[in-house]
Amino acid sequence: MGRFPPYYDGGVAAADLVLAFGATAAVAYNDTMALGLLARLHARGVRIPGELSVVGIDGIPMAGMAHPALTTVQVPAQAVGRAAVDPMLDRLRGPEQPAAHRRELPVHLVVRDSTGSAPGSTPEKK
């Protein structure tokens with residue numbers, strides 16, 4: 001949708017484009033950017049999650065303190081760092097080391113108040 005820096009201000013800037021696009025949900029690069037999205041959407045009077053759902057990725061402590069509390073994908077930072085550094089260390093140890101292999105790391109979705117059903121997706125009660 002656009003290139004925005006992965007910071008709070010990038011989320012603020014991205015919010016207007018998300019609305020112009022007519023999206024019902026936005027997944028931000030990280031939680032800090034998602035918090036910027038929430039702030040701008042709130043300033044524009046957008047109901048979260050009634051009109052738009054927002055998800056971040058990191059699992060930073062501030063995600064749970066936001067209003068509404070931010071749904072986030074918790075990523076094991078230490079395991080990610082190790083997965084990035086270990087292949088480099090192997091290469092430094094010598095060319096006879098096996099090539100790096102693909103690694104899958106566990107993540108955990110923490111559902112909070114910033115996500116809900118897409119607008120118009122639930123049948124109306126009579």
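Start your tour by selecting Val-54 and everything around it: apart from residues up to four places away in sequence, Val-54 touches Ala-26, Ala-34, Leu-37, Leu-38, Leu-41, Ile-48, Leu-70, Thr-71, Ser-114 and Thr-115. Keep in mind as you look that this is a predicted model.

**Stop 1: around Val-54**

Is Val-54 buried or exposed? With a relative accessible area of 0%, under the 20% cut-off, Val-54 counts as buried. Colour its strand, and you will find that Val-54 belongs to S2. Now add Gln-74 to the selection: it is 20 residues from Val-54 in sequence, and their C-alpha atoms are 15 Å apart in space.

**Stop 2: the nonpolar core**

Widen the view to the largest nonpolar core, which has 18 residues. Select Leu-37, Leu-38, Leu-41, Ile-48, Leu-52, Val-54 and Leu-70, the residues with the most contacts inside this core. Two elements, helix H1 (8-21) and helix H2 (31-43), give two or more residues to it. Which of the elements provides the largest share of this core? That is H2, with six residues.

Next, click on Leu-38. Leaving out residues up to four places away in sequence, Leu-38 touches Ile-48, Val-54, Ala-66, Pro-68, Leu-70 and Ser-114.

**Stop 3: helix H2**

Stay with H2 and show the whole helix. Its end C-alpha atoms are 18 Å apart, which agrees with the 18 Å that 13 residues should span at 1.5 Å a residue. Which residues of H2 are buried? Select Asp-31, Met-33, Ala-34, Leu-35, Gly-36, Leu-37, Leu-38 and Leu-41 to see them. To find what these buried residues pack against, show H1, S1, S2 and S3 as well.

**Stop 4: helix H1**

Move on to H1, a helix of 14 residues. From its first C-alpha to its last, H1 reaches 20 Å, close to the 20 Å expected at 1.5 Å a residue. Where is the kink in H1 centred? Zoom in on Ala-14: the kink there is about 30°.

Ala-14 is also one of the buried residues of H1, together with Gly-10, Gly-11, Ala-15 and Val-18. Among the elements that cover these buried residues are strand S1 (25-27) and H2. Step past the end of H1 and you come to Gly-22, which has a positive phi, near 80°.

**Stop 5: the sheet**

Now display the strands. They form an open sheet of four strands in the order S1-S2-S3-S4, and the pairing is mixed. S1 and strand S4 (108-110) are the edge strands, each pairing on one side only. Ignoring direction, neighbouring strands of the sheet are turned by 20° against each other on average. Bring H2 back into view: H2 packs on the sheet, where it touches S1, strand S2 (53-58) and S3, and its direction makes about 155° with that of S2.

Look at the strand pairs one by one. S2 and S3 run parallel and are joined by four bridges. For a residue pair to select, try Gly-56, which stands opposite Thr-72 in S3. How many bridges are there between strand S3 (residues 71-74) and S4? Three bridges link S3 and S4, which pair in the antiparallel sense. Select Val-73, and then Leu-109, its bridge partner in S4.

**Stop 6: two cis peptide bonds**

Turn to the loops and select Pro-49, between H2 and S2. The peptide bond leading from Ile-48 to Pro-49 is cis, and its omega is near 5°. Ile-48 may be familiar from Stop 2, as it is one of the residues with the most contacts inside the core.

For another cis peptide bond, select His-67 and Pro-68, where omega is about -5°. Pro-68 lies in the loop between S2 and S3, and it is among the residues that Leu-38 touches.

**Stop 7: helix H3**

Finish at helix H3 (residues 77-93). How far apart are its end C-alpha atoms? They are 24 Å apart, in agreement with the 24 Å that its 17 residues should span at 1.5 Å a residue. The last residue to select is Gly-94, which follows H3 and has a positive phi, near 145°.

How values were computed. Residues are numbered from 1 along each chain as its sequence is written. This is a predicted model: local features need pLDDT of at least 70, side-chain atom pairs count only at pLDDT 80 or more; totals for chains, interfaces and linings use all residues. Side-chain values use heavy atoms; hydrogens and water are left out. A nonpolar core is a set of buried Ala, Val, Leu, Ile, Met, Phe, Trp, Tyr and Cys residues joined through side-chain atoms within 4.5 Å. Buried means under 20% relative accessible area, exposed over 50%, partly exposed in between (1.4 Å probe, protein chains only). Contact means heavy atoms within 4.5 Å. The expected span of a helix is 1.5 Å times one less than its number of residues. The bend at a residue is the angle between axes fitted to the seven residues ending there and the seven starting there. Two strands pair if DSSP finds at least two bridges between them. Axes are lines fitted to C-alpha atoms, for helices over the stretch in contact, and angles run from 0 to 180 degrees between N-to-C directions.
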